[in-house]
Amino acid sequence: MPRTALRVCPLCEATCGLTLTVDGTRVTGARGDKDDVFSRGFICPKGASFGAADGDPDRLTRPLVRKNGTLEEASWEEAFDAVAAGIRPVVEQYGPHAVGVVLGNPNVHTMAGALYPPLLLAGLGTRSLFTAGTVDQMPKHVSSGLLFGDAFAIPVPDLDRTDHLLMLGANPLDSNGSLCTAPDFPGRLKALRARGGTLTVVDPRRTRTAKLADRHVPIRPGTDALLLAAMVQVLFADGLVTLGALDEQVTGVEQVADAVRNFTPEAVAAACDVPAATIRELAHELAAAPTAAVYGRVGASTVAFGTLTCWLVDVLNVLTGNLDRPGGAMFPLAATGKEPRPAGPGKGFALGRWRSRASGHPEAKGELPIAALAEEIDTLPRADDGGLGTSPVRALVCVAANPVLSTPDGDRLDKALSSLDFMVSVDPYLNETSRHAHIVLPPPPPSQSAHHDFAFNGFAVRNQVRYNRPAVPLEDGRMPETEILARLVLAAIGMHGAEPDAVDALAIDRTLGKAVADPCTRVHGRDPKELAAALTGDNGPERRLDMMLRLGPYGDGFGADPDGLSLQRLLDHPHGIDLGPLAPRIPQLLKTRSGRVELLPEPIAEDLPRLAAALDADPTAGLVLVGRRHLRSNNSWMHNVPALMGGSNRCTLHVHPDDAARLGLDGGQHARVSAAGGEIAVPVEITDAVRPGVVSLPHGWGHDRPGTRLSVAAADPGANVNQLLDGTLLDPLSGTAVLNGFEVSLAPLPAAP
């Protein structure tokens with residue numbers, strides 16, 4: 001008989017609660033969980049297709065090991081023997097930095113991806129870390145680190161209480177939100193307008209979100225930082241600055257006033273193609289609103305001035321008195337986060353502690369630009385290795401990542417991966433990247449895994465906590481993803497053959513040891529062995545979750561608060577526990593050296609002349625390309641689900657009618673798109689949803705390389721937009737690839753005979 005099971009959806013950042021219908025070991029349906037404390041029954045097409053994604057017949061079911069050049073199915077024992085035999089010799093001969101680690105977007109959607117990669121990196125001792133963050137969100141981490149001293153202290157718009165929302169480069173009606181976890185983002189925006197609030201969207205495309213807005217500003221791509229700098233200038237020039245409750249918590253206000261003095265609306269209007277009067281109106285409306293929040297995402301982040309844009313977003317929030325207050329931009333407090341500490345100076349945030357070998361790119365948040373991964377493999381290091389040793393990357397651990405499609409110049413990376421001494425990929429598919437691996441370790445489908453959102457609760461618009469045990473028993477021959485990564489850690493650090501529980505036990509011992517030694521915790525001075533013995537859970541990951549909940553800001557403190565959180569209390573509330581609306585957290589969360597918000601950090605000040613130089617650029621030169629998101633897609637990893645293909649989820653080039661007429665392009669015709677990194681052929685879709693001079697192409701496509709096992713994706717491969725880039729265009733502060741607002745040329749292609 002069919003039964004039901006609860007599961008938080010892992011297919012995007014909204015984290016909606018699902019009620020699954022399960023027949024035996026197969027998920028046959030999914031609907032919104034109306035009792036979920038956060039999503040209240042909302043569901044999108046991705047969540048509704050959970051069963052199809054979960055049961056994809058192209059998912060690997062057994063490990064693959066390369067033998068005589070061919071990947072063949074093998075036992076788990078054989079696979080991990082091969083991992084240990086492949087990684088350790090590289091470490092011992094060339095040093096730990098010769099092993100690179102690549103972490104993809106799906107890592108943050110799993111418990112395993114949150115719990116084990118930090119242990120893997122620490123065990124290897126490598127600084128060669130590359131993640132999806134540098135093709136997405138690193139500018140926000142860097143700006144937050146510089147402003148607040150903590151790269152994870154990212155304010156989100158208080159959507160349910162704000163009166164005014166200014167949104168740049170974001171399309172949550174299709175993306176469901178990014179660095180702002182909000183189930184039913186569309187409903188929340190409609191509620192904002194229904195209560196008399198105002199929504200303004202700044203975007204070169206008339207997206208579904210822009211259509212909902214009170215005002216749509218079709219800005220020229222890549223100029224968001226100029227627009228925001230001019231708005232800041234207006235606040236100062238017109239006497240509209242008010243810090244409110246933060247008056248004693250901010251340094252550098254006068255320095256910001258001096259820094260933006262020349263970015264007047266008249267000075268930036270031509271570059272942005274936004275009238276000076278409109279810029280003034282935007283600034284005055286923001287300052288006059290009872291509460292307001294500025295929110296910028298991928299379209300404003302993956303540009304040449306990504307970090308400056310993200311910084312200016314929060315400068316506006318600060319200067320209008322809207323940072324850290326209800327209805328403004330606020331800091332979530334996750335249940336597994338650290339217990340709040342007394343306010344005071346911290347260690348601050350540093351950039352460039354080491355540099356990449358080939359081009360000398362500075363690290364940010366411990367990461368190197370993933371756009372530089374190919375050259376870190378195929379190019380000998382500079383004489384000054386930047387702290388990474390004298391060897392290029394010779395071995396790679398790739399977890400839930402497909403950088404051949406998701407990063408610039410996939411052709412070069414494709415060749416570089418084939419030259420590695422050793423590569424292991426943790427991935428459910430044999431895709432464009434994992435096909436190069438010597439060993440592929442496939443995790444089970446999400447229905448067979450436990451789930452807690454460690455990452456996204458730190459960006460949620462309401463504090464809450466949820467946990468699901470597996471909805472479906474683990475199939476014979478499968479291995480839990482948590483155990484796969486634990487065994488990978490053991491193999492990488494020379495402990496191959498030890499029990500995987502040893503990894504969790506070590507993590508628990510270290511965490512509790514630090515907690516009892518810290519006078520700011522509620523367990524200070526207690527016996528860590530006693531605390532470890534009190535942990536509950538069916539396995540190591542559950543015991544670690546129990547520990548983090550009990551030590552966290554809402555936890556029971558191992559008995560200190562009988563009403564506090566623990567794993568058992570969470571299990572007793574299968575639809576989750578609501579922890580209340582966001583609350584002010586400054587000054588306690590600040591970790592800057594001054595203990596205050598540092599409004600003009602030195603790296604930002606040093607980068608502002610580059611922004612000033614952009615005022616002199618020719619705004620009419622050539623076509624520029626921007627990306628776009630589809631509601632039925634998520635980067636490169638959901639194109640193999642038939643239920644999510646088709647409809648609007650197509651790889652077409654959006655071209656404005658005026659540009660199409662000028663270039664002789666017809667709808668449905670293929671065009672050649674060329675840029676510094678190469679060229680692609682893609683079908684044209686003529687639409688006035690893009691402004692003149694702008695073309696738009698979605699990312700994550702290009703499933704036409706041989707040797708993969710993605711039957712649905714390969715049947716409709718699309719074109720890889722990132723092949724237009726050569727990897728040299730980066731935001732210098734964050735190392736983030738410039739994926740939006742770069743110049744391209746178009747030419748019609750003759751119809752196929």
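Over the ring of which residue does the charged end of Arg394 sit? The legends below answer this and describe other close-up views of a model that is predicted.

**View 1. Two arginines with their charged ends over tyrosine rings.** In this predicted model, the charged end of Arg394 sits over the ring of Tyr94, at 4.0 Å from the ring centre. A second arrangement of this kind involves Arg544, whose charged end lies over the ring of Tyr116, 5.1 Å from the centre of that ring.

**View 2. An edge-to-face pair formed by Phe148 and Phe331.** The structure holds three aromatic pairs, and one of them joins Phe148 and Phe331, with 5.2 Å from centre to centre and 90 degrees between the planes, an edge-to-face arrangement. Because Phe148 belongs to helix α6 (residues 138-148) while Phe331 lies in the loop between β14 (329-330) and α16 (373-378), the pair ties together parts that are 183 residues apart in sequence. Phe148 counts as buried, at 0% relative accessibility, and Phe331 is likewise buried, with a relative accessible area of 1%.

**View 3. The open sheet of β1, β2 and β3.** Three strands make up this open sheet, in the order β1-β2-β3 and with antiparallel pairing. The edges are taken by β1 (3-8) and β3 (26-32), each of which has a single partner strand, so one side of each is left without a neighbour in the sheet. Averaged over neighbouring strands, and with direction ignored, the turn of one strand against the next is 30 degrees. Strands of a sheet pair through backbone hydrogen bonds, in either a parallel or an antiparallel manner.

**View 4. The pairing of β1 with β2.** Strand β1 is joined to strand β2 (residues 17-23) by six bridges, and the two run antiparallel. For a reader who wishes to follow the pairing residue by residue, Leu6 offers a starting point, as its bridge partner in β2 is Thr19.

**View 5. Cysteines in a model with zero disulfides.** A disulfide is a covalent bond between the sulfur atoms of two cysteines. Why does Cys16 not form such a bond with Cys12? The closest cysteine sulfur to that of Cys16 is the one in Cys12, and because the two are 6.2 Å apart, they are too far from each other for a bond, the cut-off being within 2.5 Å. Cys16 is buried, with a relative accessible area of 8%, and Cys398 also counts as buried, at 0% relative accessibility.

Definitions and conventions:
Residues numbered from 1 in each chain as written. Predicted model: local features only at pLDDT ≥ 70, side-chain atom pairs only at ≥ 80, totals over all residues. Heavy atoms only, no water. Buried < 20%, exposed > 50% of the residue type's maximum accessible area, 1.4 Å probe, protein only. Phe/Tyr/Trp six-rings, centres within 6.5 Å; stacked < 30°, edge-to-face > 60°. Helix = DSSP H or I, 4+ residues; strand = E, 2+ residues; numbered from the N terminus. Lys NZ or Arg CZ within 6 Å of the ring centre and 35° of its normal. Pairing = 2+ DSSP bridges. Axes fitted to C-alpha atoms, helices over the stretch in contact; angles between N-to-C directions.
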